[in-house]
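Visitor: I'd like a close look at just one part of this one, please. Could we settle on the largest pocket?

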Amino acid sequence: MASIAENISTVRDQITKAATRSGRAADSVTLLAVTKTQTPEKLREAYAAGQREFGENYLQEALDKIRILDLPDLVWHFIGPIQSNKTADIAAHFDWVHSVDRLKIASRLSKQRPEGLAPLSICVQVNLSSEDSKSGVALEDAADLCEQIAKLPGLRLRGLMAIPAPCAGHEQQREVFAPLALLFRELQGRFEHLDSLSIGMSADYEAAIAEGSTIVRVGSAIFGARA
Ligand SMILES: *Cc1c(COP(=O)(O)O)cnc(C)c1O
């Protein structure tokens, strides 16, 4: 079995190749290591291999790891569903939140972002496959939600995120991402800080990069299948 360091190196190579095929710079794509259910030891291995951006789905598990690892140069991304009673801890302990799909949650995160910290970077989660998932704002409502979030002082609207239903085949995967990529390019003219398209996971990150992804969220291709 390949080590975490080997897997990170392989994924980074694939990212570079996919970016190059699309005429993009390799460093225009950030690799976010998704570490839900992984032990702090595994995160340390990834850290030793140069990984700095980590994505977590479950708040308590994430807070434990943030405290145990205690490394100053890590960037923590919250990527899971958000309940209202969790927003204060998310606002205090994370740098990014990718899974904002309601104004109510955004307002709470803004109010609860501690003074002295930079605004919390936000991606609006868009639902690209309505029958499969309850999370995410509809594509046609995403621009309005962005408009409202851009006004909140504790937040910085950085991008759009989606988790489409799994589908096989590079071209099919691109077709699913395409409407979001189009909306992203339209909105970039409207929102000053909008620079991030958070699409692509282990099975479809190459297609996502072809569509313009700037953040790929990769778990199992680095850490192996989750239990
Ligand atoms: C688990 C998860 C990932 C990573 O999925 P893999 O298929 O293991 O790469 C990415 N994004 C979100 C939101 C996730 O919950």
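Which elements each supply at least two residues of the lining of the largest pocket?

Guide: That would be β5 (120-127), α7 (170-188) and β9 (215-218), named as DSSP runs (helices H or I, at least four residues; strands E, at least two) counted from the N terminus. Keep in mind that this is a predicted model, with local features needing pLDDT of at least 70 and side-chain atom pairs 80 or more, while lining totals use all residues. Numbering runs from 1 along each chain, and side-chain values use heavy atoms, without hydrogens or water.

The lining has 37 residues, and K36, I163, P164, M201 and R217 lie nearest the pocket's centre. By type, the lining splits into 17 nonpolar, 13 polar and 7 charged residues.

So what's in there? The ligand: the space it takes is this very pocket (more than half of its atoms lie within 2 Å of the grid points). Its shell is 6 nonpolar, 4 polar and 3 charged residues. Of these 13, K36, N57, S202, S220 and R226 come nearest (near is a heavy atom within 4 Å).

K36 turns up again in the polar contacts (N or O pairs within 3.5 Å): a polar side-chain atom of K36 is 2.6 Å from a ligand oxygen. A side-chain N or O of R226 lies 2.8 Å from a ligand oxygen, and a polar backbone atom of G219 is also 2.8 Å from one. Protein covers 89% of the 390 Å² of accessible area the ligand has alone (Shrake-Rupley, 1.4 Å probe).

Conventions
Polar contact = N/O pair within 3.5 Å; in protein donor to acceptor, adjacent residues only side chain to side chain. 1 Å grid on protein atoms, 1.4 Å probe; cavity = no way out; pocket = protein on both sides within 12 Å on 5 of 7 lines; lining within 4 Å. Nonpolar A, V, L, I, M, F, W, Y, C, P; charged D, E, K, R; others polar.
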